[in-house]
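Q: Please take a close look at how the strands pair in this model. Then follow the surroundings outward to the helices, with the cut-offs behind each term.

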Amino acid sequence: MTAVIYARYSSDSQREASIEGQLRDCKDYAEKNGITVVGTYIDRAYSAKTDDRPDFQRMIKDSAKKIFDVVLVWKLDRFARNRFDAVNYKYQLEKNGVHLVSAMEPISQGPEGIMVESMLIGMAEYYSAELALKVARGERENALQCKYNGGVVPLGFTIGKEDRLYHIDPETAPIVQEIFSRYADGEPAEKIAASLNERGLRTRTGKPFVKNSFFQIFRNRRYIGEYRYKDIVTPGGIPAIVDKDLFDRVQQRFEQNRIAHGRPAKEDVSYLLTTKLFCGKCGTLMGGESGTSHMGNTYYYYKCGNAKRHGKAHCDLKAIRKEPLERFVVDTAIKVIFNDEIIEQLIDLVMEAQQKENTRLPVLKDQLRDTEKRLANLLEAIEQGILTPTTKQRLDELEARKEALNTSILEEELKKPVLTREWMRFWFEKFRKGDMRDMEHQRQIIDTFVNSVYVFDDRVVLNFNFTDDAKTVTREEVLGSSAVDNAPPNKSL
């Protein structure tokens with residue numbers, strides 16, 4: 001696991017010593033937990049109440065480059081003190097597969113604060129899903145009419161400006177036909193690419209042809225006139241550039257070459273308990289690892305980071321199977337959380353937390369009510385014929401104040417959306433009715449409700465974000481009754 005450290009101080013009363021202390025503690029945490037630090041981002045004399053921090057923004061942008069797995073901070077208030085910014089940027093990191101970890105605190109806020117953050121993230125996901133549905137509806141209508149729905153236009157085609165339909169490009173379509181014919185006749189892809197480049201021909205993106213340039217071309221069924229968009233397939237929906245017989249001959253040769261020379265792609269395995277799973281013996285983070293049994297089957301495990309790096313002499317905790325552990329954690333979270341009594345208690349905590357966090361909004365609303373009352377009294381006086389030289393001026397002042405307060409209230413609500421009891425019930429119900437077989441749904445449950453999991457030789461301890469009570473179960477209960485299925489393969493892990 002790789003990490004970058006983000007350090008910050010906000011005022012002239014703090015100096016480089018503050019940064020040095022933060023870096024030292026973060027590096028100690030990283031070393032203890034087997035995390036490799038690959039870089040640092042430092043903002044000097046910048047408050048965390050704003051996101052306008054140069055290195056902070058650079059770090060968020062770099063998180064999309066997949067060059068680190070964790071952002072490590074001394075305490076979470078180094079990351080942000082504005083809850084909206086904290087949730088917003090933490091969500092951006094999570095979307096890029098990067099976890100935010102505090103070196104000095106297992107969790108920065110109380111359980112109420114965690115629930116508020118989780119619900120704000122849920123709200124953002126809900127709004128994004130609603131928008132995605134609307135976009136998908138329009139794209140589906142386009143697809144039913146075989147219209148272009150975005151993306152790179154394949155070599156050999158153009159898109160009509162008016163009808164948004166696929167049309168054959170008379171300049172580049174012959175190149176596609178030539179590529180298919182030469183490859184079907186047995187000519188190597190490298191030789192075809194070199195020949196095209198010598199003639200000054202280029203790919204759709206304007207780059208020279210290479211061997212890999214042909215992989216997508218050979219697999220693209222648009223060239224035989226087949227329109228595809230998600231689950232919509234329309235044979236003959238677009239004009240064909242090559243005939244079906246030539247296309248099939250290319251597929252056969254391409255598959256033979258792939259089997260002969262290709263390497264199996266590395267399987268992408270998600271370890272849902274990353275940054276939340278700890279060794280009960282030495283307290284080190286546990287990481288994912290795979291092993292192959294004597295039968296050739298691949299199994300996935302979590303293993304103590306200390307044992308992975310230094311061997312059993314430093315920690316002899318047995319590795320634990322990934323799938324049954326993750327499934328047990330999710331199932332337990334559902335059983336503990338999703339009953340009506342617990343849900344109402346959580347909603348009460350969040351409502352109380354919201355009142356504590358936003359002290360400005362209630363004041364603005366009180367001022368608005370007072371202003372509206374004064375306006376009503378003034379209008380009543382005017383209706384009764386009570387007029388003075390200052391009446392018009394006072395009326396304009398109150399109207400202007402009302403408008404300014406409404407604007408301030410709207411800005412405050414946009415910064416910190418107010419969660420209603422009804423919306424929170426809906427949010428919990430979405431979790432309750434979600435597809436428990438879906439990996440992403442499992443991840444959301446773990447990220448939202450599970451604080452930490454500790455694995456011992458004989459037991460597993462689960463801690464949730466909303467309660468101080470830990471749930472302890474035997475290791476056998478987690479893994480199930482089949483000791484053979486859950487034993488590590490005959491391989492040193």
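A: The answer starts with the chain as a whole, goes through the sheets strand by strand, and ends with the helices.

The model is predicted, and local features are reported only at pLDDT of at least 70, side-chain atom pairs only at pLDDT 80 or more, while totals for chains, interfaces and linings use all residues. Residues are numbered from 1 along each chain as its sequence is written, and side-chain values use heavy atoms, with hydrogens and water left out.

The protein chain contains 17 helices and 15 strands; these are DSSP runs numbered from the N terminus, helices being H or I over at least four residues and strands E over at least two. Of its 493 residues, 42% are buried, which stands for under 20% relative accessible area with a 1.4 Å probe on protein chains only (exposed is over 50%, partly exposed in between). Among contacts between residues at least 6 apart in sequence, 63% join residues at least 24 apart, a contact being heavy atoms within 4.5 Å.

The part to look at closely is an open sheet of 4 strands, ordered β9-β13-β14-β15, with mixed pairing. Two strands pair if DSSP finds at least two bridges between them. Strands of a sheet pair through backbone hydrogen bonds, in either a parallel or an antiparallel sense. At the edges of the sheet stand β9 (277-279) and β15 (471-474), each pairing on one side only. On average, and ignoring direction, neighbouring strands of this sheet are turned by 20 degrees against each other; such angles lie between N-to-C directions and run from 0 to 180 degrees, the axes being lines fitted to C-alpha atoms, for helices over the stretch in contact.

The parallel pairing is that of β9 with β13, over 3 bridges. C279 stands opposite V455 in β13, and V455 in turn has V460 of β14 as its bridge partner. β13 (residues 450-455) and β14 (residues 459-464) run antiparallel and are joined by 5 bridges. Another residue to check in this pair is S452, whose bridge partner in β14 is N463. The connection from β13 to β14 is a hairpin through 3 residues.

Two helices lie across this sheet. Helix α10 (residues 322-337) lies across β9, β13, β14 and β15, running at about 45 degrees to β14. Helix α15 (residues 439-449) lies across β13 and β14, at about 95 degrees to β13.

A second open sheet has 3 strands in the order β10-β11-β12, with antiparallel pairing. Its edges are β10 (286-292) and β12 (320-321); each has a single partner strand, so one side of each is left without a neighbour in the sheet. Between β10 and β11 there are 7 bridges, and the two strands form a hairpin with 5 residues between them. In the turn, G296 has a positive phi of about 90 degrees. On the other side, 2 bridges join β11 (residues 298-304) to β12. Y301 can be followed across the sheet: in β11 it is the bridge partner of E289, and its own partner in β12 is R321.

Helix α9 (residues 305-310) holds N306. The residue is buried, with a relative accessible area of 15%. Apart from its neighbours within four places in sequence, N306 is in contact with C282, T284, G311, H314 and C315.

Elsewhere in the chain, helix α5 (residues 173-184) packs against helix α6 (residues 189-198) at an angle of about 150 degrees, with their axes 10 Å apart. α5 and α6 are therefore roughly antiparallel to each other (over 145 degrees; under 35 is roughly parallel, 65 to 115 roughly perpendicular, the rest oblique). From α5 the residues I175, E178, I179, R182 and Y183 meet A189, K191, I192, S195 and L196 of α6. These contact residues divide into 6 nonpolar, 1 polar and 3 charged, where Ala, Val, Leu, Ile, Met, Phe, Trp, Tyr, Cys and Pro count as nonpolar, Asp, Glu, Lys and Arg as charged, and the others, Gly among them, as polar.

Helix α8 (residues 244-261) includes L246, which is buried at a relative accessible area of 9%. Setting aside neighbours within four places in sequence, L246 is in contact with F180, S181 and A184. Although L246 and F180 are 66 residues apart along the chain, their C-alpha atoms are separated by 7.1 Å.
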